[in-house]
Amino acid sequence: MSKLFSIVIPVHNREKYIKDTLRSVVGQDYRPLQLILVDNNSTDNSMQLAKQYLSSYESADFKVICTQEKKKGACAARNKGVTLSEAPYMMFLDDDDMLSTFTAISKIVERFEQSGADVVGFKAYHYYSYKKKRIRHYSFINDIKEQVLHCMLSTQCYAIRREFYDTTRGWDERIMRWQDWNLGIRIMLLNPKIEWIEDKPLVNIRVHSKSITGNGYLHSAEHLYQTIMLTVESVQNSNVENKKEIVSAIYARLPILAAHYLREGGIDTSRQTLKLYNSKVQLSIWQKIVVNLLYLYTALGGRGAGRVLNKLKIELKEIDEK
């Protein structure tokens, strides 16, 4: 008998896209499925539309749970959904994203069963429209610094064994931006067995003006700073061997963010972020020159600066080495 698979979706004001998301789940060829929708203070008709659409699909092997989480934030909603999951395997979708093939869950469960993995990761499209999409960057390496650099374990791009997930302590409800980046790093700190499905992408991550993926950085500067510092704390409190390398890689996000802030018109925020970076790391003269060049390169629209920064072997200042 096939094992139950859960999909947890937080819902907040997505009446424009929610049916596309649900259609991609209903159309899966895998059963049994458990779909858990968690309303997070929606003020539109998202949940009403969802319930109406799903009412004709519920069955013994397609279970639907609709619930509510009043605490603000997708992390709180996801955590609420997990408490209702009865499945040994589960994944998370956002309320505007879609599984890109009707065999996605079948492929994921098959890989779990064949490999005994804790995590099964897969590729995704950044989906702009039916005519425009591109594959996210991937390097299928079980290296925590790759998660720091590329967020391979983004919200929609992996499924996880429930037994292993429980050891991660779940989504950090203090975090409002880059939640998946943080959780992915904490997952990697636990040295999971990860299997990658390297063929066609299994998910469409919708990019639009109101999506997290498409709405810029400057307005979330305080949240991003908090995420970085909480993530550093998680690494420092872990048992991982190369803490200094990982923390240095995390801090390398700061000059990249500073460049994005500058590009979006936040000159003061950009300067403050660069100052913060300089307070956390020890830079030689040539490293300062490279960092400044990469900062300007990124501010002008260049890509890939983070990978160069992570190759500079930048040392932490003593305060962060304790």
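## An aromatic pair between a loop and an edge strand

Phe140 counts as partly exposed, because its relative accessibility is 25% and the partly exposed class lies between 20% and 50%. This value, like the others in this report, comes from a predicted model. Trp196, by contrast, has a relative accessible area of 9% and is buried. Under the ring-pair rule the count comes to six aromatic pairs, and one of them joins Phe140 to Trp196 in a tilted arrangement, with 5.5 Å from centre to centre and 55° between the planes. Because Phe140 lies in the loop between strand S8 (132-135) and helix H5 (144-150) while Trp196 belongs to strand S10, the pair ties together parts that are 56 residues apart in sequence.

A tilted pair is also formed by Trp178 and Trp181, whose rings are 5.2 Å apart centre to centre, with 55° between their planes; both Trp178 and Trp181 are buried. Elsewhere, ring pairs link Phe92, Tyr165 and Trp171 into a cluster.

## The seven-stranded sheet

Strand S10, which carries Trp196, is part of an open sheet of seven strands, arranged in the order S3-S2-S1-S4-S9-S6-S10 and with mixed pairing. The edges are formed by strand S3 (62-68) and strand S10 (194-197), each of which pairs on one side only. From one strand to the next, the twist averages 20°. Helix H1 (residues 18-26) packs on this sheet, where H1 touches strand S1 (5-11), strand S2 (33-39) and S3, and the direction of H1 makes about 165° with that of S2.

## Strand S6 and its two neighbours

The mixed pairing of the sheet can be followed at strand S6 (residues 119-122), which runs parallel to S10 and is joined to S10 by four bridges. With strand S9 (residues 158-161), S6 pairs in the antiparallel sense, over three bridges. Val120 has a bridge partner in each of these neighbours, namely Ala159 in S9 and Glu195 in S10, while Phe122 stands opposite Ile197 in S10.

In a regular strand the side chains alternate between the two faces of the sheet. In S6 both faces are covered, since Val119 and Gly121 on one side and Val120 and Phe122 on the other are all buried.

## Helix H2 and Tyr53

Helix H2 (residues 46-54) contains Tyr53, which has a relative accessible area of 15% and is therefore buried, the limit for that class being under 20%. The buried residues of H2 are Ser46, Met47, Ala50, Tyr53 and Leu54. They cover an arc of only 130° around the axis, which puts them on the same side of H2. Among the elements that cover these buried residues of H2 are S1, H1, S2 and S3.

Leaving aside residues up to four places away in sequence, Tyr53 touches Leu22, Arg23 and Val26. Between Tyr53 and Leu309, which are 256 residues apart along the chain, the separation of the C-alpha atoms is 48 Å.

## Thr168 in a loop

Thr168 is placed in the loop between helix H6 (162-165) and helix H7 (179-189), and with a relative accessibility of 2% Thr168 counts as buried. When residues up to four places away in sequence are not counted, the contacts of Thr168 are Leu183, Arg186, Ile187 and Leu190.

## Helix H11, a helix with two faces

Helix H11 (residues 267-280) has 14 residues, which at 1.5 Å a residue should span 20 Å, and the end C-alpha atoms of H11 are indeed 20 Å apart, so the expected and modelled values agree. The buried residues in H11 are Ser270, Thr273, Leu274, Leu276, Tyr277 and Lys280. These residues cover an arc of only 155° around the axis, which puts them on the same side of H11. On the face of H11 turned away from that buried side are the exposed residues Asp268, Arg271, Gln272 and Lys275.

Technical notes:
Residues are numbered from 1 along each chain as its sequence is written. This is a predicted model: local features need pLDDT of at least 70, side-chain atom pairs count only at pLDDT 80 or more; totals for chains, interfaces and linings use all residues. Side-chain values use heavy atoms; hydrogens and water are left out. The expected span of a helix is 1.5 Å times one less than its number of residues. Buried means under 20% relative accessible area, exposed over 50%, partly exposed in between (1.4 Å probe, protein chains only). The arc is that of the directions from the helix axis to the C-beta atoms. Two strands pair if DSSP finds at least two bridges between them. Axes are lines fitted to C-alpha atoms, for helices over the stretch in contact, and angles run from 0 to 180 degrees between N-to-C directions. Contact means heavy atoms within 4.5 Å. Rings of Phe, Tyr and Trp (its six-membered ring) pair if their centres lie within 6.5 Å; planes under 30 degrees apart count as stacked, over 60 as edge-to-face and the rest as tilted.
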